[in-house]
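Let's take a friendly look at how helices and aromatic rings meet in this protein. Have the sequence and the coordinates at hand as you read.

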Amino acid sequence: MTQNLVDLDFNAEVLAAVDAALAALETGLAGLLALTPDQRQGLTKMGDKSEAFCRKADAVFGENLAILPANFDLTGYRRDLATLDALRPRLARLSKLSQRGDDTQMAVGSDLMTNALEGYAVLKVTGKGQGVDELRRMLATRFARGPRAPSMPVTPAEPAAA
């Protein structure tokens, strides 16, 4: 093999531990939402400047409780800020781990494809008369192209009469 970006061997014990950790995460984070695209689009978004506004609003609200409406849930508001602060670093770690998983999956796929192509090229050259012609043809189906649709001739448009 000429390419070997990844050389991992997940044994049953490691996979069981990973699955147990994932189950614990799924249980611990069961309250996370799954929004539809329409719901996402309809939400008011909070960027960096908006977050600073929300944090300053918390301080202002705390100093002016008497003028807030009776139904304003300052405790819930502060719980949301605490949830954001607790969730953000954990999601950042999960995101990094997910990205590493995606990168590893891509690298393993690249290793497989690169080495399969190399082996296929060798079979094409040295496999003749070695009893692998049918197997080589089977592998060749990956590169088979269907019939191409006839292209429409492009005719220049006639100039408009002035």
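The report below covers a helix pair and then some aromatic contacts, all in a predicted model.

## Helix α3 against helix α4

Start with helix α3, residues 48–63, and helix α4, residues 74–126: their axes come within 11 Å and cross at roughly 145°. The crossing of this pair is left-handed.

On the α3 side, the contact is made by Glu-51, Cys-54, Arg-55, Ala-57, Asp-58, Phe-61 and Gly-62. Their partners in α4 are Leu-74, Tyr-77, Arg-78, Leu-81, Leu-84, Asp-85 and Arg-88. Sorted by class, this contact has seven nonpolar, six charged and one polar residue.

## Rings where α3 and α4 meet

The model holds four aromatic pairs. One of them joins Phe-61 and Tyr-77: the ring centres are 5.5 Å apart and the planes stand at 70°, over the 60 degrees needed, so the pair counts as edge-to-face. Phe-61 sits in helix α3 and Tyr-77 in helix α4, 16 residues apart, so to speak a link between distant parts of the chain.

Phe-61 is partly exposed, at 21% relative accessibility. Phe-61 and Tyr-77 also form one aromatic cluster with Phe-72.

## A stacked pair further along

Tyr-120 and Phe-143 have ring centres 5.5 Å apart as well, but with planes at 25° the pair is stacked. Tyr-120 belongs to helix α4 and Phe-143 to the segment after α5 (133–140), so this pair ties together parts 23 residues apart in sequence.

Are these two rings buried or exposed to some degree? Tyr-120 counts as buried at 13% relative accessibility, whereas Phe-143 is partly exposed, with a relative accessible area of 38%.

Notes: Residues numbered from 1 in each chain as written. Predicted model: local features only at pLDDT ≥ 70, side-chain atom pairs only at ≥ 80, totals over all residues. Heavy atoms only, no water. Axes fitted to C-alpha atoms, helices over the stretch in contact; angles between N-to-C directions. Helix = DSSP H or I, 4+ residues; strand = E, 2+ residues; numbered from the N terminus. Left-handed = near helix turned anticlockwise from the far one by under 90°. Contact = heavy atoms within 4.5 Å. Nonpolar A, V, L, I, M, F, W, Y, C, P; charged D, E, K, R; others polar. Phe/Tyr/Trp six-rings, centres within 6.5 Å; stacked < 30°, edge-to-face > 60°. Buried < 20%, exposed > 50% of the residue type's maximum accessible area, 1.4 Å probe, protein only.
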